[in-house]
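Please look over the structure shown here, which is a predicted model. The report that follows takes up local backbone features, the nonpolar core, the ligand surroundings and a few individual residues.

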Amino acid sequence: MPRQRQARTLRLRPHHICCLPFLSFDGATLDERFRQVLTEVKEMLTAQPNVLVTAIEGVDEVCQACPSCINDRCESPPIKEDMVRKVDRFLLRDLRKSYGETLTVAEWQSVISQKWPYRLCRICRWREYCGIQVV
Ligand code: SF4
Ligand code: SF4
(Lines give C-alpha, C1' and ligand atoms only; values in the text may rest on other atoms or scores of the structure.)
(Ligands and ions follow the chains in the order given, each with its own letter.)
Protein backbone atom coordinates (compact mmCIF):
# COMPACT_ATOMS: atom_id res chain seq x y z
CA MET A 1 0.00 0.00 0.00
CA PRO A 2 1.48 3.44 -0.88
CA ARG A 3 2.56 5.55 2.05
CA GLN A 4 0.73 8.75 2.83
CA ARG A 5 2.61 11.87 1.83
CA GLN A 6 4.57 13.17 4.81
CA ALA A 7 5.12 16.80 5.74
CA ARG A 8 8.58 16.12 7.06
CA THR A 9 11.26 13.46 6.95
CA LEU A 10 13.71 13.31 9.81
CA ARG A 11 17.29 12.47 8.88
CA LEU A 12 19.01 11.09 11.96
CA ARG A 13 22.15 9.24 12.88
CA PRO A 14 21.35 5.77 14.23
CA HIS A 15 22.03 6.33 17.91
CA HIS A 16 19.58 9.23 17.90
CA ILE A 17 16.92 6.99 16.37
CA CYS A 18 17.72 4.21 18.84
CA CYS A 19 18.32 6.15 22.02
CA LEU A 20 16.35 9.41 22.04
CA PRO A 21 13.01 7.64 22.68
CA PHE A 22 14.39 6.38 25.99
CA LEU A 23 16.35 9.38 27.20
CA SER A 24 15.23 11.89 29.79
CA PHE A 25 16.88 15.30 29.79
CA ASP A 26 15.54 16.46 33.13
CA GLY A 27 18.70 15.88 35.12
CA ALA A 28 21.09 16.89 32.36
CA THR A 29 22.75 20.27 32.06
CA LEU A 30 22.10 21.16 28.46
CA ASP A 31 22.22 24.18 26.23
CA GLU A 32 18.68 25.54 25.94
CA ARG A 33 18.46 25.33 22.12
CA PHE A 34 19.92 21.81 22.17
CA ARG A 35 17.40 20.69 24.79
CA GLN A 36 14.59 22.14 22.69
CA VAL A 37 15.67 20.21 19.58
CA LEU A 38 16.19 17.01 21.57
CA THR A 39 12.72 17.37 23.03
CA GLU A 40 11.10 18.04 19.64
CA VAL A 41 12.80 15.07 17.97
CA LYS A 42 12.05 12.78 20.90
CA GLU A 43 8.39 13.79 20.67
CA MET A 44 8.33 12.87 16.98
CA LEU A 45 10.07 9.55 17.62
CA THR A 46 7.62 8.60 20.34
CA ALA A 47 4.29 10.20 19.45
CA GLN A 48 4.18 10.68 15.69
CA PRO A 49 4.05 7.17 14.20
CA ASN A 50 3.70 8.28 10.58
CA VAL A 51 6.73 10.55 10.47
CA LEU A 52 9.43 9.19 8.16
CA VAL A 53 12.94 8.78 9.50
CA THR A 54 16.02 8.11 7.38
CA ALA A 55 19.17 6.69 8.96
CA ILE A 56 22.15 8.80 7.93
CA GLU A 57 25.88 8.65 8.60
CA GLY A 58 27.54 11.50 10.45
CA VAL A 59 26.15 14.65 12.01
CA ASP A 60 22.41 15.21 11.77
CA GLU A 61 19.90 17.90 12.65
CA VAL A 62 20.20 17.08 16.34
CA CYS A 63 23.96 17.46 16.19
CA GLN A 64 23.57 20.77 14.35
CA ALA A 65 21.95 22.21 17.50
CA CYS A 66 24.57 20.74 19.82
CA PRO A 67 27.37 22.92 21.20
CA SER A 68 29.74 19.96 20.76
CA CYS A 69 29.24 19.89 16.99
CA ILE A 70 32.19 21.71 15.44
CA ASN A 71 32.93 21.78 11.71
CA ASP A 72 30.36 19.06 11.13
CA ARG A 73 31.99 16.68 13.59
CA CYS A 74 31.09 15.58 17.09
CA GLU A 75 33.77 16.92 19.39
CA SER A 76 32.12 15.79 22.60
CA PRO A 77 34.83 14.38 24.87
CA PRO A 78 35.87 11.70 25.36
CA ILE A 79 34.27 9.91 22.41
CA LYS A 80 34.13 12.33 19.44
CA GLU A 81 33.03 11.72 15.87
CA ASP A 82 34.98 8.58 15.00
CA MET A 83 33.77 6.74 18.08
CA VAL A 84 30.23 8.05 17.67
CA ARG A 85 30.22 6.63 14.15
CA LYS A 86 31.27 3.25 15.53
CA VAL A 87 28.39 3.39 17.99
CA ASP A 88 26.03 4.34 15.16
CA ARG A 89 27.23 1.43 13.00
CA PHE A 90 26.98 -0.98 15.93
CA LEU A 91 23.39 -0.03 16.72
CA LEU A 92 22.30 0.01 13.07
CA ARG A 93 23.77 -3.45 12.57
CA ASP A 94 21.98 -4.62 15.72
CA LEU A 95 18.70 -3.54 14.15
CA ARG A 96 19.67 -5.17 10.83
CA LYS A 97 19.22 -1.87 9.04
CA SER A 98 21.44 0.14 6.70
CA TYR A 99 22.28 3.76 6.06
CA GLY A 100 19.82 5.38 3.71
CA GLU A 101 16.89 3.25 4.86
CA THR A 102 13.72 5.20 5.53
CA LEU A 103 11.06 3.83 7.87
CA THR A 104 8.12 5.36 9.62
CA VAL A 105 8.46 5.99 13.34
CA ALA A 106 6.08 3.08 13.92
CA GLU A 107 8.33 0.79 11.88
CA TRP A 108 11.45 1.92 13.74
CA GLN A 109 9.62 1.36 17.02
CA SER A 110 8.80 -2.17 15.95
CA VAL A 111 12.40 -3.13 15.15
CA ILE A 112 13.72 -1.32 18.24
CA SER A 113 11.26 -3.11 20.52
CA GLN A 114 12.81 -6.42 19.45
CA LYS A 115 16.33 -5.30 20.38
CA TRP A 116 16.08 -2.95 23.34
CA PRO A 117 17.91 -2.95 25.70
CA TYR A 118 20.71 -3.09 23.16
CA ARG A 119 23.98 -4.94 23.78
CA LEU A 120 25.55 -1.50 23.97
CA CYS A 121 23.34 -0.46 26.89
CA ARG A 122 25.43 -2.57 29.28
CA ILE A 123 28.42 -0.27 28.90
CA CYS A 124 26.73 2.98 27.90
CA ARG A 125 27.71 6.08 29.86
CA TRP A 126 24.25 7.61 29.29
CA ARG A 127 22.37 4.85 31.06
CA GLU A 128 21.48 7.11 33.96
CA TYR A 129 19.43 9.25 31.57
CA CYS A 130 17.57 6.24 30.15
CA GLY A 131 14.62 4.30 31.39
CA ILE A 132 16.83 1.24 31.83
CA GLN A 133 16.62 -0.27 35.28
CA VAL A 134 18.51 -3.54 34.83
CA VAL A 135 20.60 -4.68 31.87
S1 SF4 B 1 27.48 16.44 18.23
FE2 SF4 B 1 27.98 14.60 19.43
S3 SF4 B 1 27.21 15.02 21.51
FE4 SF4 B 1 26.25 16.48 20.11
S5 SF4 B 1 24.31 15.53 19.50
FE6 SF4 B 1 25.81 14.97 17.93
S7 SF4 B 1 26.62 13.00 18.59
FE8 SF4 B 1 25.60 13.92 20.37
S1 SF4 C 1 21.59 3.07 27.65
FE2 SF4 C 1 22.80 4.12 26.09
S3 SF4 C 1 22.73 2.77 24.29
FE4 SF4 C 1 21.09 2.13 25.66
S5 SF4 C 1 19.27 3.24 24.91
FE6 SF4 C 1 20.22 4.46 26.57
S7 SF4 C 1 21.56 5.93 25.53
FE8 SF4 C 1 21.09 4.26 24.08
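## Backbone: positive phi angles

D72 lies in the loop that joins β3 (69-70) to β4, and although D72 is not a glycine, its phi is positive, at about 60°. With a relative accessible area of 48%, D72 is partly exposed, a value that falls between the limits of 20% for buried and 50% for exposed.

A positive phi also occurs at R96, where the angle is near 60° in a residue other than glycine. R96 belongs to the loop between α3 and β5 (102-104), and because its relative accessible area is 69%, R96 counts as exposed.

## Backbone: cis peptide bonds

Which peptide bond involving P78 is cis? The bond in question runs from P77 to P78, with omega near 0°, and P78 is placed in the loop between β4 (73-74) and α3. The peptide bond from W116 to P117 is cis as well, again with omega near 0°, and P117 is found in the segment that follows α4.

## The largest nonpolar core

The largest nonpolar core of the model holds 34 residues, and among these V53 and W108 touch the most other members. Two or more residues each are given to this core by β1 (9-12), α1 (14-19), α2 (32-47), β2 (52-55), α3 (80-94) and α4 (105-113), and it is α2 that gives the most, with six residues.

What does W108 contact once its neighbours within four places in sequence are set aside? The list comprises I17, V53, A55, L92, L95, K97, E101 and L103, so that W108 touches V53, the other residue with the most partners in the core, and also two charged residues, K97 and E101, by the classification in which Glu and Lys count as charged.

## Surroundings of the two ligands

Ligand 1 is surrounded by R13, H15, H16, F34, C63, C66, C69, C74, S76 and V84. By class, this shell is made up of six nonpolar, three polar and one charged residues, and the space that ligand 1 takes is the largest pocket.

Around ligand 2 the shell consists of C19, W116, Y118, C121, C124, W126, R127, C130 and I132. Eight of these residues are nonpolar, none is polar and one is charged. W116, a member of this shell, is also the residue from which the cis peptide bond to P117 runs.

## Residues of the loop after α3

K97 is found in the loop between α3 and β5, and at 22% relative accessibility it counts as partly exposed, because the limit for buried is under 20%. Beyond its neighbours within four places in sequence, K97 is in contact with L92, L103, W108 and V111. How far apart in space are K97 and S76? Their C-alpha atoms are separated by 26 Å, although the two residues are 21 places apart in sequence; S76 is one of the residues around ligand 1.

## Contacts between distant parts of the chain

T9 sits in strand β1, where it is partly exposed, with a relative accessible area of 36%. Leaving aside neighbours within four places in sequence, T9 is in contact with L52, V53 and T54. T9 and T104 are 95 residues apart along the chain, and their C-alpha atoms are 9.1 Å apart in space.

Two residues of the segment after α4 can be set side by side. Q114 has its place in that segment and counts as exposed, at 62% relative accessibility, while its C-alpha atom is separated by 8.4 Å from that of L95, 19 residues away along the chain. Is L120, also in the segment after α4, buried or exposed? At 18% relative accessibility L120 counts as buried, because this value is under 20%. L120 is in contact with V87, F90 and L91, apart from neighbours within four places in sequence, and the C-alpha atoms of L120 and V87 are 8.2 Å apart, with their positions 33 residues apart in sequence.

Key. Residues numbered from 1 in each chain as written. Chains lettered and ligands numbered in written order. Predicted model: local features only at pLDDT ≥ 70, side-chain atom pairs only at ≥ 80, totals over all residues. Heavy atoms only, no water. Core = buried A, V, L, I, M, F, W, Y, C linked by side-chain atoms within 4.5 Å. Buried < 20%, exposed > 50% of the residue type's maximum accessible area, 1.4 Å probe, protein only. Helix = DSSP H or I, 4+ residues; strand = E, 2+ residues; numbered from the N terminus. Contact = heavy atoms within 4.5 Å. Near = heavy atom within 4 Å. 1 Å grid on protein atoms, 1.4 Å probe; cavity = no way out; pocket = protein on both sides within 12 Å on 5 of 7 lines; lining within 4 Å. Sits in = over half its atoms within 2 Å of the grid points.
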